[in-house]
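Hi,

Here is the structure I promised to pass on. Have a look at it first, and then read on for what turned up when I went through it.

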Amino acid sequence: MAFTPKTRKYLVAFLIIGWLFTLIYSFLRHPPQYPPQVKKLYRDNRVLMGTFWEVTSPDKEAAGIVFAETSRLEQLLSKYIPDSEISRLNKAGKLKVSPDTFYIIKKSRELCSATGGAFDITVAPLVDLWGFTDRKFRVPEAAEIREVLTRVGSDKIILHENDNVVEFKIPGMKIDLGGIAKGYALDCAVKKLKAKNIRSCLINAGGQVYALGDKFGQSWKVAVQGARKAEITGALELKNQSASTSGDYQQYFLIGNKRYCHIIDPATGYPAQAGIASVTVISGSGTEADAFSTAVFVLGKEKAKTLARKFNNLEIKITE
Ligand code: AMP
Ligand code: MG
């Protein structure tokens with residue numbers, strides 16, 4: 001098709017104007033930095049809640065904020081700290097607790113019913129019985145397990161909403177937040193970061209990570225450890241999400257070829273044996289990712305599918 005010289009002139013002018021607009025628009029969106037901005041990341045680590053925490057962020061203050069918040073919560077929630085609220089509650093059977101402790105116990109009870117009882121913080125006496133608390137592992141007699149099971153069940157926790165008092169219905173009951181505290185601490189730390197206007201941070205807390213925002217415009221990339229060997233089997237891309245992994249390789253003991261792991265099935269009183277080596281749950285909530293990964297390990301692949309249908313904000317990856 002031939003153009004008249006006049007049309008050709010208009011066409012060229014139109015193209016030049018369009019090109020100039022694109023140039024100005026991209027210049028305004030990404031103005032060049034003088035001196036050019038160095039994409040620096042600060043990294044720091046600490047042992048907290050019995051695991052290795054690593055914080056990576058373009059903001060120098062991020063690690064300090066995360067460690068301070070996690071340490072504050074550890075002092076309240078750890079069963080290994082003798083004067084924590086959880087230790088005092090486990091000893092006394094009734095205690096007025098802080099809003100954080102009350103919230104996480106209430107949330108745990110809700111997650112217990114949401115998972116059909118698979119996630120249950122009252123498994124504490126069973127965790128003790130199998131030797132996972134003091135690392136003196138043993139296989140208990142069936143009668144011992146039956147007796148301890150009478151003290152297990154989140155329906156036996158009474159929550160007095162008006163004054164933040166938690167009470168156990170049966171003497172000898174105990175709770176263990178090992179399956180949820182890390183996820184809750186991640187959520188609380190992220191809240192503190194946001195309050196300080198920090199929008200980019202990766203927190204790696206042993207078996208669980210939280211990726212806040214992105215890393216210089218790209219999703220955070222996180223390596224996933226293999227279930228059996230210390231090898232990297234995959235990578236996740238996360239943005240404002242948490243990924244929590246539960247597996248039988250984290251804490252276990254062997255008798256012959258039989259593996260007894262630290263996650264207990266509250267229905268039987270025995271270490272979970274649902275045919276899963278490891279499970280990773282991805283969610284926008286660190287608390288839920290943590291509790292659901294523990295629960296799926298108990299429930300197994302088929303029941304996990306039902307759970308994933310019920311909570312469509314969860315992504316569940318299982319290694320058998
Ligand atoms: P995780 O590594 O997050 O799966 O949590 C495992 C820890 O949660 C264990 O070491 C116990 O302290 C605790 N735990 C064990 N079994 C259960 C269960 N069925 N529900 C809730 N917490 C559990
Ligand atoms: Mg967990």
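The radius of gyration of the protein chain is 25 Å, whereas a compact globule of 320 residues would have one near 20 Å. Keep in mind that this is a predicted model. The C-alpha trace spans about 100 × 40 × 35 Å along the principal axes of the chain.

Some overall numbers, before the details. The protein chain has nine helices and 14 strands. Of its 320 residues, 47% count as buried. If you take the contacts with a separation of 6 or more, 60% of them are between residues 24 or more positions apart. The exposed surface comes to about 17,500 Å², and carbon and sulfur atoms supply 55% of that. As for charge, there are 45 positive and 32 negative side chains, with the centres of the two sets 8 Å apart.

Now the aromatics. The whole structure contains eight aromatic pairs. One of them joins F132 and F137, with ring centres 5.2 Å apart and 55 degrees between the planes, which makes it a tilted pair. How buried or exposed are the two partners? F132 is buried, at a relative accessible area of 2%, while F137 is partly exposed at 30%.

F132 also pairs with F253, again tilted, at 5.7 Å centre to centre and 45 degrees between the planes. This pair ties together distant parts of the chain: F132 is in the loop between α5 (124-129) and α6 (142-149), F253 is in strand β11 (residues 252-255), and 121 residues separate them. F253 has a relative accessibility of 7%, so it counts as buried, the cut-off being under 20%. Both phenylalanines belong to an aromatic cluster made up of W130, F132, F137, F253, Y260 and Y270.

The loop between α5 and α6 is also where you will find R135. Its phi is near 60 degrees, a positive value in a residue other than glycine. For context, most residues other than glycine have a negative phi. R135 is exposed, with a relative accessible area of 54%. A second residue of this kind is M49, with phi near 50 degrees. M49 sits in the loop between β1 (42-48) and β2 (51-57).

Helix α3 (residues 85-92) is worth a look too. Which of its residues are buried? They are E85, I86, S87, L89 and N90. These buried residues pack against α2 (62-77), β3 (94-96), α4 (99-114) and β5 (165-168). Right after α3 comes G93, which has a positive phi, near 80 degrees.

Lastly, a few individual positions, with distances you can check on screen:

- D44 is in strand β1 and is partly exposed, at 34% relative accessibility. Leaving out residues up to four places away in sequence, D44 touches W53, E54, V55, A63 and F67. From D44 to I255 is 211 residues along the chain, and their C-alpha atoms are separated by 39 Å.
- E147 belongs to helix α6 and counts as partly exposed, with 41% relative accessibility. E147 and H262 are 115 residues apart in sequence, and 19 Å lies between their C-alpha atoms.
- N313 is in the loop between α9 (301-310) and β14 (315-319). At 46% relative accessibility, N313 is partly exposed. The C-alpha atoms of N313 and I282 are 8.5 Å apart, with the two positions 31 residues apart along the chain. I282 is also one of the residues that N313 touches, together with S283 and E288, if residues up to four places away in sequence are not counted.

If you open the model with one thing in mind, I'd start from F132: it is buried, and it pairs with both F137 and F253.

Cheers

How values were computed
Residues are numbered from 1 along each chain as its sequence is written. Chains are lettered from A and ligands numbered from 1 in the order in which they are written. This is a predicted model: local features need pLDDT of at least 70, side-chain atom pairs count only at pLDDT 80 or more; totals for chains, interfaces and linings use all residues. Side-chain values use heavy atoms; hydrogens and water are left out. Helices (H or I, at least four residues) and strands (E, at least two) are DSSP runs, numbered from the N terminus. The radius of gyration is taken over C-alpha atoms; the globule rule is 2.2 Å times the number of residues to the power 0.38. Buried means under 20% relative accessible area, exposed over 50%, partly exposed in between (1.4 Å probe, protein chains only). Contact means heavy atoms within 4.5 Å. Accessible areas come from the Shrake-Rupley method with a 1.4 Å probe; for residues, only the protein chains shown count as cover. Lys and Arg count as positive and Asp and Glu as negative; His and the chain ends are not counted. The place of a charge is taken as NZ of Lys, CZ of Arg, CG of Asp or CD of Glu. Rings of Phe, Tyr and Trp (its six-membered ring) pair if their centres lie within 6.5 Å; planes under 30 degrees apart count as stacked, over 60 as edge-to-face and the rest as tilted.
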